[in-house]
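User: Could you take a close look at one part of this model for me? I'd like to go through the open sheet strand by strand, with its turns and whatever packs on it.

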Amino acid sequence: MNVRGKQVPVLVAYRKDSGYTLSLVFMPEVRATHETFEKAVQKLRQAVRHELENTDTGRTRLDRVLWAAFSADFRMDFQHIAFESGPLRIDGLLAVIHFDVAGERYACLPMLDALVVAMGGLDAAARAERIAARAQAYLRERRKKQGEAFEAAHYLAQRSDSCMPFDFSIHVEGPTFPFEGGEDWFAELRGTQDFKGRVELPRVAQELNDRYP
């Protein structure tokens with residue numbers, strides 16, 4: 001399967017100490033950093049290929065392929081949050097990516113491990129409250145697990161951050177099944193190339209006519 005000409009959202013963040021960091025919104029672990037924007041784009045393209053090129057659509061990888069191929073109209077904005085988490089006060093901006101699927105509205109928080117929040121039929125104020133509640137719960141859990149190593153700035157955005165469309169093409173291998181091909185897979189169950197329904201059927205099912213004549 002070829003995933004060609006896909007256009008997915010990418011979060012673009014610039015920091016003076018590290019340069020440009022580009023990451024896939026829905027797969028933020030696929031990222032690239034460089035002091036120049038052009039090199040960061042090239043490295044991101046390489047990272048996408050390394051992560052997904054020639055992979056297969058097996059059960060353990062299918063979710064990543066689907067997210068990589070997911071594309072929807074999106075809109076980015078920022079939401080301010082401020083709350084206490086133990087002795088630490090977290091105060092800053094969340095990057096929020098809004099998108100619709102099948103008429104339903106969702107919000108993705110790409111800097112919070114691409115946490116997706118269902119908006120349902122909520123109004124703007126209620127949506128903001130739900131996003132804040134989910135973000136606070138996530139950050140409190142992160143702080144609890146990381147302890148003194150927790151850095152709130154790692155999860156917070158700056159006004160200069162932006163979201164851009166990113167085009168890429170990859171090749172994804174389809175799954176292979178042992179019963180594909182010219183040979184009858186029923187016959188494989190007993191090691192013969194001949195297939196006779198009255199012989200094979202009891203091995204894989206029941207003939208109800210035998211039970212209820």
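Analyst: Here is a walk through the open sheet, followed by the helix across it, the confidence values and the largest pocket.

Bear in mind that this is a predicted model. The sheet is an open one of four strands, in the order β4-β5-β6-β7, and the pairing is antiparallel. Its edges are β4 (74-85) and β7 (115-118). Each of those two has a single partner strand, so one side of each has no neighbour in the sheet. On average, and ignoring direction, neighbouring strands are turned by 30° against each other. As a reminder, strands of a sheet pair through backbone hydrogen bonds, either parallel or antiparallel.

Let's start at the β4 edge. β4 and β5 run antiparallel and are joined over 12 bridges. If you want a spot to centre your view on, try Ile81, which sits opposite Gly92 in β5. The connection here is a hairpin, with two residues between β4 and β5. In that turn, Gly86 has a positive phi of about 65°.

Next comes the β5/β6 pair. Strand β5 covers residues 88-101 and strand β6 covers residues 104-109, and five bridges hold them in the antiparallel sense. You can follow several of the facing residues along this pair. Phe99 is opposite Tyr106 in β6, Asp100 is opposite Arg105 in β6, and Val101 has Glu104 in β6 as its bridge partner. A general point helps when you look at successive residues like these: in a regular strand the side chains alternate between the two faces of the sheet. β5 and β6 also form a hairpin with two residues between them. This time the turn residue to look at is Ala102, with a positive phi of about 55°.

That leaves the other edge. β6 and β7 run antiparallel and are joined by four bridges, and Cys108 stands opposite Val116 in β7. Their hairpin has five residues between the strands. Asp113, in this turn, has a positive phi of about 55°.

Now for what packs on the sheet. Helix α3 (residues 124-146) lies across β4, β5, β6 and β7. The helix runs at about 55° to β4.

How far should you trust the model around all this? The protein chain has a mean pLDDT of 79, with 67% of its residues at 70 or more. Among the chain's elements, β3 has the highest mean pLDDT, 96, while helix α4 (residues 185-188) has the lowest, 44. Over residues 179-200 pLDDT stays under 50, and the model has 23 contacts beyond four places in sequence for that stretch. I'd keep that stretch out of any detailed reading.

Finally, a look at the largest pocket, which holds about 490 Å³ of space. It is lined by 21 residues, and the closest to its centre are Arg15, Arg31, Met111, Ala153 and His154. The elements giving two or more residues to this lining are β1 (2-15), β2 (19-24) and β3 (31-34). β1 provides the largest share, three residues. By class, the lining has 10 nonpolar, six polar and five charged residues.

Terms used:
Residues numbered from 1 in each chain as written. Predicted model: local features only at pLDDT ≥ 70, side-chain atom pairs only at ≥ 80, totals over all residues. Heavy atoms only, no water. 1 Å grid on protein atoms, 1.4 Å probe; cavity = no way out; pocket = protein on both sides within 12 Å on 5 of 7 lines; lining within 4 Å. Points joined across faces, edges and corners; volume = space filled by probe spheres on them. Nonpolar A, V, L, I, M, F, W, Y, C, P; charged D, E, K, R; others polar. Pairing = 2+ DSSP bridges. Axes fitted to C-alpha atoms, helices over the stretch in contact; angles between N-to-C directions. Contact = heavy atoms within 4.5 Å. pLDDT = per-residue confidence, 0-100.
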